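Me: I am new to this structure and would be grateful for a close look at a single part of it. Please take one strand and its surroundings, and explain each term as it arises.

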Amino acid sequence: MNIATTVDTSAAEGQAFRLEFRAWLEANIPHEWRPAGFWHMMDDQGAIALRREWERKKYDAGWAGIDFPVEYGGRGGTPLQRAIYEEEMALANAPETANPQIPIIGPSLLLFGEEWQKKRFIKPLLRSDELWCQGFSEPNAGSDLASLRTKAELQGDHFVINGQKIWTSFAPICDWMFLLARTTSTGKKHQGLTLFLIDMKTPGIDARFIKHMTGRLDFAEVFLDDVKVPAENVLGGVDQGWKVINGLLREERVARIGQYAFYRRHLELLVRFAKQAKRNGRPAAEDPVLRQKLGQVCVDMELLRIHSLETMAAIANGAGQDQDAPLTKYSYGETHQDMGEVFTDLAGAMWHLHEGDPTQGDVDQGLLRELQFIFMRTRAETISGGTAQIQRNIIGERVLGLPRA
Ligand SMILES: Cc1cc2nc3c(=O)[nH]c(=O)nc-3n(C[C@H](O)[C@H](O)[C@H](O)COP(=O)(O)OP(=O)(O)OC[C@H]3O[C@@H](n4cnc5c(N)ncnc54)[C@H](O)[C@@H]3O)c2cc1C
């Protein structure tokens, strides 16, 4: 690994930006939001409303869309500034975004959108005035996305869309969806797909939450029955959907240093928990086996950090992300899940109960609730955005050039 090609987020050129943003966060994140578990003790609706309000305030103060062009409502900053922004957000335990599709739909609009689409959609996206969801997966099309069956037929100046989507995160509370549908049925199956920008208030859309094992309302199923979409709402051209989503799914898979910073915070919470929980009457942190497992996670985390800095350097230098994307997606998901396994070891057999395992002694309930949520959620990280098995296939075939079985 060539460390000389990593981005140095502690470099002097980023210091003024870092200190200014840190001071803004310190002055603007209310103290009651800061203890572990704050967001996890609150109901979903209340949490979303609060986070949305926060995103608007942050945007209005100039702290959103860091590397988006100023002409479309961004801050016009550099990749280094974006990395610092993400690090500081994690370090300050700032609220998670209410609009998780920003890093995916935003660059897609920039790369493939028509001028009016960029002007119309990017600013409300960055300010979370409009929340977006991603309508790709279907009951029989996930890893093999090109098998999708939702159909869009051109009728005059609009398309009529019929079909079903599933696992569509946050669909019932979103204002817009970018949806992949079949527009041509002849030829290879990955040809003839088109991306649409769809107003969720359009008649014929029925979005229903599916409850997560975390207890949260998160992903959903979406039924589309004769949904009329203006032809101008195609993103990137009719039958060009595959090309567009290949670019944007790569973006989804390239974790930035900010994700590392979030994981680092989770590791710190885990260590705090290890000092509170008991193992054979002593703090679990003193158990040699558990210490070794925590140590291994620390080593894996360091590898993620260096990999992320290298990836950012490659992006900043305009190099392709093809090799990094599957490696990043795979290693982040696996490392976070390994961390989750250590939590379940630490927290005892009844770790998943709301109040925790009584044999573990007194633990901070907010901390426990946050760790329960984080690590239940990790189970999804080797599925969403492309499964671990699929990433291994891509690494084997396209990165290492191994023969297909
Ligand atoms: C938390 C969460 C949020 C999500 N959010 C969204 C969203 O917002 N929008 C959206 O469109 N989708 C979303 N998804 C769906 C996600 O993209 C799919 O679940 C994922 O692509 C896998 O598809 P699948 O569930 O149909 O599984 P399948 O593709 O049916 O796979 C089942 C199993 O078979 C394995 N498998 C399949 N093909 C191969 C192969 N060729 N080689 C080896 N193994 C293989 C898979 O790895 C997996 O273990 C979300 C999923 C989760 C868990």
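Reply: Two strands pair if DSSP finds at least two bridges between them; strands (E, at least two residues) and helices (H or I, at least four) are DSSP runs, numbered from the N terminus. The model is predicted: local features need pLDDT of at least 70, side-chain atom pairs count only at pLDDT 80 or more, and totals for chains, interfaces and linings use all residues. Residues are numbered from 1 along each chain as its sequence is written.

The part chosen is strand 5. Strand 4 (residues 176–182) runs antiparallel to strand 5, and 7 bridges join the two. Within this pairing, T194 in strand 5 is the bridge partner of A181. Strand 5 also pairs with strand 8 (residues 234–235), again in the antiparallel sense, over 2 bridges; there, V234 in strand 8 is the bridge partner of F196.

A residue is buried if 20 or more other C-beta atoms lie within 10 Å of its own, exposed if 12 or fewer, and partly exposed in between, with C-beta atoms placed from the backbone. Of the 7 residues of strand 5 (residues 193–199), 6 are buried, so the strand is largely enclosed by the rest of the structure.

A nonpolar core is a set of buried Ala, Val, Leu, Ile, Met, Phe, Trp, Tyr and Cys residues joined through C-beta atoms within 7 Å. The largest one has 62 residues, and F196 and I198 are among those with the most contacts inside it, as are W132, C174 and M177. Contact requires C-beta atoms, placed from the backbone, within 7 Å. Leaving aside neighbours within four places in sequence, M177 is in contact with I198, W132, C133, G135, A171 and M200.

Terms used:
Two residues are in contact if their C-beta atoms, placed from the backbone, lie within 7 Å.
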